[in-house]
Amino acid sequence: MPTTFSLASLSALAGQELAVSDWFTIDQARITSFGEITGDTQWIHCDPERAAVESPFKTTIAHGFLTLSLIPHLVEQTLHFEGARLALNYGLNRVRFVTPVPAGSRVRGRFAMAQVKSLDNGLDLTLNCTVELDGADKPACVAEWILRVLV
């Protein structure tokens, strides 16, 4: 169930964690589908037999961009902005793929408000997004995501 925030309350939340999503499994079927859709079918992602022998991880790993692309889904699970008519992906800052995500791993999103910028027709919200990898000391991905919320 998403946590609801009024748009008026968001400026006061800068620097605070807003929500943590449920765990989400990234299985081989999703990795393979992502590779086929994007054209990135490199063996380290899409060939489990070869990865078992040649990869330093001894299995396939999710594409970094697949991990990054899960952020909107994980946010939608956890956050709702009351009074928003529409939310748009406006861009990203400081994206890093810190830890590889082996096939079959679970990830979850952790979201904090970094900055709120007022617009004539809404807000630009900069969220600090951390995609955690279950059992890992370091996150899979960190990024600043700018979400344009229109009223």
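**Note on cysteines and two glutamates**

1. The sulfur of Cys46 lies 19 Å from the closest cysteine sulfur, that of Cys141, which is too far for a bond. This is a predicted model, and the distances quoted here are computed from it.

2. Cys129 is likewise in no disulfide: the nearest cysteine sulfur, again that of Cys141, is 8.3 Å away. A disulfide needs the two sulfur atoms within 2.5 Å, and by this rule the count for the model comes to 0 disulfides. Cys129 has a relative accessible area of 1%, so the residue is classed as buried.

3. Is Glu144 buried or exposed? Glu144 is buried, because its relative accessible area is 14% and the limit for that class is under 20%. Glu144 belongs to strand S8, which covers residues 141–150.

4. Which side chain does that of Glu144 join in a polar contact? The partner is Arg94, at 2.8 Å. Arg94 is also among the residues in contact with Glu144 once neighbours within four places in sequence are set aside. The others on that list are Gly91, Leu92 and Asn93, together with Thr126, Leu127 and Asn128.

5. Glu76 sits in helix H5, residues 71–78. Its relative accessibility is 63%, so Glu76 counts as exposed; the cut-off for that class is over 50%.

6. How far apart are the C-alpha atoms of Glu76 and Met1? They are separated by 9.6 Å, although the two residues are 75 residues apart along the chain.

Key
Residues are numbered from 1 along each chain as its sequence is written. This is a predicted model: local features need pLDDT of at least 70, side-chain atom pairs count only at pLDDT 80 or more; totals for chains, interfaces and linings use all residues. Side-chain values use heavy atoms; hydrogens and water are left out. Buried means under 20% relative accessible area, exposed over 50%, partly exposed in between (1.4 Å probe, protein chains only). Helices (H or I, at least four residues) and strands (E, at least two) are DSSP runs, numbered from the N terminus. A polar contact is a pair of N or O atoms within 3.5 Å; within protein, one must be able to donate a hydrogen and the other to accept it, and residues adjacent in sequence count only if both atoms are side-chain atoms. Contact means heavy atoms within 4.5 Å.
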